[in-house]
Amino acid sequence: MHILICIKQVPDSAQIRVHPVTNTIMRQGVPTIINPYDLFALEEALRLRDCHGGEVTVLTMGPPMAEDALRKALTYGADRAVLLTDRYFAGSDTLATSFALSQAIAKIGETFGAPDIVFTGKQTIDGDTAQVGPGIAKRLDLLQLTYVAKIVSIDLDAREITVERRSEGGTQTLMTKLPCLITMLEGTNEIRRGSLDDALRAARSQIVKWNAADAGIEDLTKCGLRGSPTVVKRVFAPTARAEKAEQIDTTEKTSRDLAEELIAGIFSRQPALEDELAFDGDD
Amino acid sequence: MTEEKFDAIVIGAGMAGNAAAYTMASRGLKVLQLERGEYPGSKNVQGAIMYSNMLEKIIPDFRDDAPLERHLIEQRFWMMDDTSHIGMQYRSDDFNESRHNRYTVIRAQFDKWFSRKVREAGATVLCETTVTELARDSDGKVIGVLTDRTGDMILADVVVLAEGVNGLLGTRAGLRETPKPQNVALAVKEMHFLPEEVIDQRFGLKANEGCVIEAAGTISRSMAGLAFLYTNKESISIGIGCLVSDFAATMESPYELLESFKNHPSIRTLIAGSEVKEYAAHLIPEGGYRAIPQLFGNGWVVVGDAAQLNNAVHREGSNLAMTSGRLAGEAIFLVRKGGRPMTKENLALYKSMLDKSFVIKDLRKYKDMPALLHTNSRNFFTTYPQLLSQAAQNFMRVDSTPKLDKERATTAAFIKARSRWGLVGDAVRLAFAWR
């Protein structure tokens with residue numbers, strides 16, 4: 001079985017600071033990590049490989065320094081890593097990213113064997129869109145299982161996989177055919193600690209580096225800034241509001257009292273809202 | 001995996017470990033470096049001032065790409081009482097030479113760079129890997145290490161212990177004693193963000209020039225300790241450290257000392273409006289020459305803080321670490337080149353090289369200083385700073401008192417506080433410890 005997992009190197013959002021003067025996000029010196037959601041997908045991929053045999057290939061698109069994230073993935077036990085890196089990819093939004101990744105996945109399929117499962121994390125902590133996984137599935141015409149909490153079973157002979165998917169109001173148990181794309185939910189497992197052999201192998205591995213041409217990408221207008229309809233106009237820290245948060249004393253009050261107090265509080269600050277909602281009232 | 005053997009294993013990726021690993025790897029040795037932190041530098045804390053001369057001896061063209069903050073053109077030394085400071089300062093345009101003598105650095109960034117150099121030199125570097133035990137053969141010779149990752153022991157001809165001040169592994173292996181509380185200082189430090197222009201203005205600097213302040217006095221509350229303030233490009237490192245034994249005896253809290261230092265009228269304005277980016281604490285070996293443990297043995301050498309190589313008087317540590325790491329690497333290379341085994345007898349070469357260097361010569365010069373400052377800490381860190389400050393104020397303040405009376409009052413204050421013999425004794429003791 002060939003399992004491919006897409007990861008992203010992201011700034012550790014817990015350590016991002018805002019410049020006190022310019023109010024812009026300071027990226028300099030912020031340590032980078034593997035997107036935490038991706039680690040759940042990676043562990044799931046490694047478990048499947050350990051149970052059923054095969055190989056795990058890790059793919060990322062990013063600047064040359066993203067090699068660190070791939071090397072770390074190898075330390076955890078992945079078998080192969082591919083870094084998609086080219087200045088043409090700079091400024092990619094989710095549309096351009098899913099295009100480049102899907103092309104690279106197709107190329108990986110040609111080079112190392114077509115993947116049976118493509119994993120991604122649920123979303124990344126820096127973009128929070130959860131669009132790239134589904135984007136890849138659509139472009140590669142893969143069946144997609146999003147927000148997967150658990151892989152129940154996999155039948156390689158019948159080429160079927162059964163998973164639990166968390167959705168609003170409950171859990172769905174879904175079965176689908178391979179190949180498929182799975183986006184993995186957080187908290188579903190815990191990333192392993194790689195063995196000494198894995199760590200040594202990772203430290204010495206040559207990471208496969210592909211530029212656009214290597215990945216078989218011909219249409220560069222679909223890449224990077226040119227292929228990205230989304231434009232980040234400005235990144236800034238929200239200014240603190242003048243209004244202070246207020247604590248409502250809850251002792252010896254019924255929830256009705258509290259609700260009324262809360263609503264009265266809101267209406268006293270937003271009189272327009274009261275007028276607006278009054279029309280909807282039907283009692 | 002087949003059992004693999006390295007020429008050398010280096011434990012730790014700080015200044016000493018990186019210097020040793022680079023020195024050996026760049027001379028063609030097969031080197032494995034093991035670091036317990038998430039990345040090289042993640043566990044390392046320093047003020048931090050980096051000394052060019054010692055790094056040049058390892059990586060001559062380090063200025064091309066090392067992340068350096070500011071080169072130092074000014075040093076201030078302040079004696080402080082609660083409201084004043086009396087100081088000495090030296091500033092020279094000569095330090096604006098093309099190959100600067102000292103730089104402030106941010107270790108997290110600097111160590112990443114250094115580690116990259118080590119890897120480029122050909123060493124294998126594993127992070128998040130803690131060495132749990134030294135492996136020995138039946139004769140007691142160290143032949144490799146065991147780690148906290150699943151897998152076999154890793155073999156090597158020689159193990160370089162560069163594990164830092166705590167030296168847990170060396171202590172556990174019986175290669176050294178646990179450092180004594182009076183030989184170790186606990187320092188706390190904060191990084192305060194300030195825009196580059198603001199730092200330039202406040203310290204009268206331009207174009208990457210830097211200034212450092214070292215301060216002693218009542219800020220350490222009679223304990224043996226020093227405070228510091230270093231200018232980085234866009235931040236100020238500020239901290240204070242005192243002996244662990246003094247902290248234990250006085251029950252003072254390090255962070256409270258740092259708060260008082262930051263709020264001292266002489267310091268407050270320098271860091272006003274800054275934002276704290278980082279808080280760190282670390283131990284510093286301060287026992288000096290007399291606290292240096294056995295430095296080599298059968299199949300092992302110890303370098304840097306783990307070998308207690310730190311010059312507390314001059315606030316130098318990283319250069320001693322780099323130099324000891326380099327000399328250990330060179331010694332191992334020479335022993336190997338001569339086709340000789342890594343026995344205690346042959347590795348004594350490292351010690352003799354270290355003895356000839358500034359490292360041991362400097363530490364020997366100040367061998368009595370730690371004991372002197374420790375046993376007389378109240379006099380040196382409270383009484384004298386107060387007396388000096390009062391004397392200075394007496395001299396500066398203009399009133400109708402005749403100058404002769406002022407001088408008499410100052411002299412009387414010194415004699416009252418320490419007595420004639422006490423003053424002479426302190427001067428003699430200090431002179432002897434310094435010589």
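Let's start with a strand pair in chain A. Strand S1, residues 2-6, is joined to strand S6, residues 55-61, by 5 bridges. The two run parallel. One pairing to look for: Ile5(A) stands opposite Val58(A) in S6(A). Keep in mind that this is a predicted model.

Now widen the view. Which sheet do S1 and S6 belong to? It is an open sheet of 9 strands in chain A, with mixed pairing. Read the order with me: S11-S10-S9-S12-S8-S1-S6-S7-S13. The edges are strand S11, residues 170-177, and strand S13, residues 208-210, of chain A. Each of these pairs on one side only. From one strand to the next, the twist averages 35 degrees.

Next, the helices on this sheet. Helix H1 of chain A covers residues 36-52. H1 lies across S1, S6, strand S8 (117-121), strand S9 (143-155) and strand S12 (180-184) of chain A. Its direction makes an angle of about 150 degrees with S8(A). Helix H3 of chain A, residues 94-112, also lies across S1, S6 and S8. H3 lies across strand S7 (80-84) and S13 of chain A as well. Against S6(A), H3 runs at about 145 degrees.

On to helix H2 of chain A, residues 67-76. Is H2 mostly covered or mostly open? Mostly covered: 8 of its 10 residues are buried. The buried set runs through Ala69(A), Leu70(A), Arg71(A), Lys72(A), Ala73(A), Leu74(A), Thr75(A) and Tyr76(A). Note that Arg71(A) and Lys72(A) are in that set. What do these buried residues pack against? Their partners are strand S2 (9-11), strand S5 (32-34), H1, S6, S7 and helix H5 (196-204) of chain A. So H1 and S6 come up again here, as packing partners of H2(A). Right after H2(A) comes Gly77(A). Its phi is positive, near 130 degrees.

That's chain A. Now chain B.

Chain B has 15 helices and 17 strands. Its C-alpha atoms fill a box of roughly 90 × 50 × 40 Å along the principal axes. What about the radius of gyration? Chain B has 23 Å, and a compact globule of 435 residues would have one near 22 Å, so the two agree. Buried residues account for 48% of the 435 in chain B. Then look at contacts in chain B with a separation of 6 or more. Of those, 72% are between residues 24 or more positions apart.

How is chain B divided? The assignment gives two entries. Domain 1 takes in 5-68, 105-177 and 293-365, and domain 2 is 182-285. Their C-alpha centres lie 28 Å apart. Where they touch, 11 residues of domain 1 of chain B are in contact with 14 residues of domain 2 of chain B. The domain 1 side has 4 nonpolar, 5 polar and 2 charged residues.

Last stop: chain B against chain A. How many residues are involved? 14 residues of chain B contact 13 residues of chain A. On the chain B side, strand S7 (124-126) and strand S15 (275-285) each supply at least two residues. The largest share, 3 residues, comes from S7(B). By class, that side of chain B holds 5 nonpolar, 6 polar and 3 charged residues.

Key: Residues numbered from 1 in each chain as written. Chains lettered and ligands numbered in written order. Predicted model: local features only at pLDDT ≥ 70, side-chain atom pairs only at ≥ 80, totals over all residues. Contact = placed C-beta atoms within 7 Å. Helix = DSSP H or I, 4+ residues; strand = E, 2+ residues; numbered from the N terminus. Nonpolar A, V, L, I, M, F, W, Y, C, P; charged D, E, K, R; others polar. Rg over C-alpha atoms; globule rule 2.2 N^0.38 Å. Buried ≥ 20, exposed ≤ 12 C-beta atoms within 10 Å, placed from the backbone. Pairing = 2+ DSSP bridges. Axes fitted to C-alpha atoms, helices over the stretch in contact; angles between N-to-C directions. Domains from an automatic or database assignment.
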